[in-house]
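Hi,

Here is the structure I promised to pass on. Have a look at it first, and my notes follow below.

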Amino acid sequence: MEAIMNFIQATGFYQIATGDWKVLVMMIISFVLLYLAIVKKFEPLLLLPIAFGMLITNLPGAEMYHEILFAGGHVNWEIFGGGEITQAFLDHLRNDLGVSEAVLGAVQAGQSISVGLLDVLYLGVKLGIYPCLIFMGVGASTDFGPLIANPKTLLLGAAAQLGIFMTYAGCRLSHLFNAAEAGSIGIIGGADGPTAIFVTSRLAPHLLGPIAVAAYSYMALVPVIQPPIMRLLTSEEERKIVMRPLRQVSKREKILFPIVVTVFVALLVPSAAPLIACLMLGNLFKESGVVERLNKTAQNELMNIVTIFLGISVGATATATTFLSMQTIAIMLMGVVAFGFGTAGGVLLAKLMNLFLKEKINPLIGSAGVSAVPMAARVSQVEGQKANPANFLLMHAMGPNVAGVIGSAIAAGVLMALFG
């Protein structure tokens with residue numbers, strides 16, 4: 001009878017019945033996200049593994065992810081290998097690093113941790129490996145030709161980063177977040193999921209779950225969020241502006257571009273070097289034409305494998321103790337603000353540039369300065385054709401779109417240099 005009782009008490013059902021009701025809420029949230037990914041197709045490639053990671057990390061008794069191993073923003077190697085948790089270690093986390101009692105309450109002195117699957121996978125996020133490899137795949141599938149052909153669009157990509165810094169200011173004024181947390185939330189405005197994960201894992205790892213969910217949810221909603229802002233800030237005549245076809249970019253230019261950008265950005269913002277270097281290496285695979293096998297691997301096999309590991313391990317950080325809080329609600333609200341200001345920044349700069357340019361720019365392409373490639377560029381194309389069916393803005397919008405990828409990586413480097 002004692003053995004049967006021990007078995008019953010070890011089941012997740014028993015732990016739910018006698019434990020924290022919050023895990024049930026988190027499981028319901030994960031079901032909603034799975035529905036959005038599978039049925040509504042909202043960024044399914046990442047939202048689905050994130051949602052599933054969120055589900056399994058909140059199953060009582062599964063013991064696949066342990067927050068204490070990464071408490072205080074560090075990989076606590078001394079207990080990662082099965083070492084015993086000491087009272088001195090707990091006091092250090094509590095008094096010196098400000099780790100919450102909710103996290104500390106899950107363990108006790110004298111206990112040792114049996115490392116779970118998601119603990120191991122999460123190392124790729126914590127050490128900055130997965131986001132950089134994702135960037136390599138993005139670079140391998142991206143054509144920088146429209147940006148090279150029309151360098152002015154680089155300014156539009158820069159202007160769209162307004163959302164990052166406006167959101168940072170809003171978070172600081174709210175007094176809910178410190179500088180590092182505000183920077184991590186602000187990067188949502190870059191509409192670049194891997195960059196948001198990279199920055200948050202360095203500056204505010206305890207917020208990784210809600211920030212990742214917000215970033216990818218709002219990226220999926222770009223076709224919903226952006227059009228009203230674009231129409232509000234432009235006139236019918238501006239939306240009808242037809243732009244001339246772009247010039248042909250030579251192969252030499254396309255090969256030199258990733259090399260020059262890597263050197264320049266790495267010297268300007270060294271903390272952004274890992275992201276930019278991987279992005280440009282992937283692009284060099286594509287444009288050099290001499291490593292087709294590597295290019296295909298970066299675009300397909302590597303990208304797909306890393307996407308699975310990234311999604312499920314990021315989802316694992318969305319535990320009930322950290323996700324269900326006022327901070328999470330604030331992050332979701334600030335994410336909308338970030339996207340809104342990012343879209344507005346690009347459109348308004350395009351309008352300003354038109355005051356000085358003889359050959360006018362259609363302001364709609366400014367909204368593509370957020371780095372949701374190529375979704376934001378497609379939104380510009382759709383809105384342009386609604387105003388003028390003969391308007392073809394897709395390739396023009398790809399200029400600020402890929403510039404936004406570079407811009408968000410530079411902004412991430414700036415934030416990490418300031419608050420890392």
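First, a term you'll need: buried means under 20% relative accessible area, exposed means over 50%, and partly exposed is in between, using a 1.4 Å probe and protein chains only. Keep in mind that this is a predicted model, where local features need pLDDT of at least 70 and side-chain atom pairs count only at pLDDT 80 or more, while totals for chains, interfaces and linings use all residues. Residues are numbered from 1 along each chain as its sequence is written, and side-chain values use heavy atoms, with hydrogens and water left out.

With that in hand, helix 12. Its buried residues are G163, I164, T167 and C171. They sit on the same side of helix 12, because the arc they cover around the axis is only 100° (the arc is that of the directions from the helix axis to the C-beta atoms). Helices here are DSSP runs of H or I with at least four residues, strands are runs of E with at least two, and both are numbered from the N terminus. The cover over those buried residues includes helix 13 (179-186), helix 23 (326-354) and helix 25; contact means heavy atoms within 4.5 Å. The length of helix 12 checks out too: its 13 residues (162-174) should span 18 Å at 1.5 Å a residue, and the end C-alpha atoms are indeed 18 Å apart. The expected span is 1.5 Å times one less than the number of residues.

Right after helix 12 comes H175, with a positive phi of about 65°. H175 belongs to the loop between helix 12 and helix 13 and counts as exposed, at 71% relative accessibility. E63 also has a positive phi, near 55°, without being glycine; its place is the loop between helix 4 (44-57) and helix 5 (77-80). Then there's a cis peptide bond between V373 and P374, with omega about -10°, and P374 is in the loop between helix 23 and helix 24 (375-387). For background, most residues other than glycine have a negative phi, and most peptide bonds are trans.

Zooming out, the protein chain has 25 helices and zero strands. Its radius of gyration is 23 Å, close to the 22 Å from the globule rule for 420 residues, so the chain is as compact as a globular protein of that length. That radius is taken over C-alpha atoms, and the rule is 2.2 Å times the number of residues to the power 0.38. Along the principal axes, the C-alpha atoms fill a box of roughly 85 × 45 × 40 Å. Of the 420 residues, 53% count as buried.

What about the inside? The largest nonpolar core (buried Ala, Val, Leu, Ile, Met, Phe, Trp, Tyr and Cys residues joined through side-chain atoms within 4.5 Å) has 126 residues, and I68, F144 and L310 have the most contacts inside it. Helix 25 (residues 394-419) supplies the largest share of this core, 11 residues. Leaving out residues up to four places away in sequence, I68 touches several residues, including F89, L93 and V107.

One last spot: T200, in helix 14 (residues 193-203). T200 is buried, with a relative accessible area of 0%. Beyond four places away in sequence, T200 touches S184, P205, L207, L208 and I211.

Cheers
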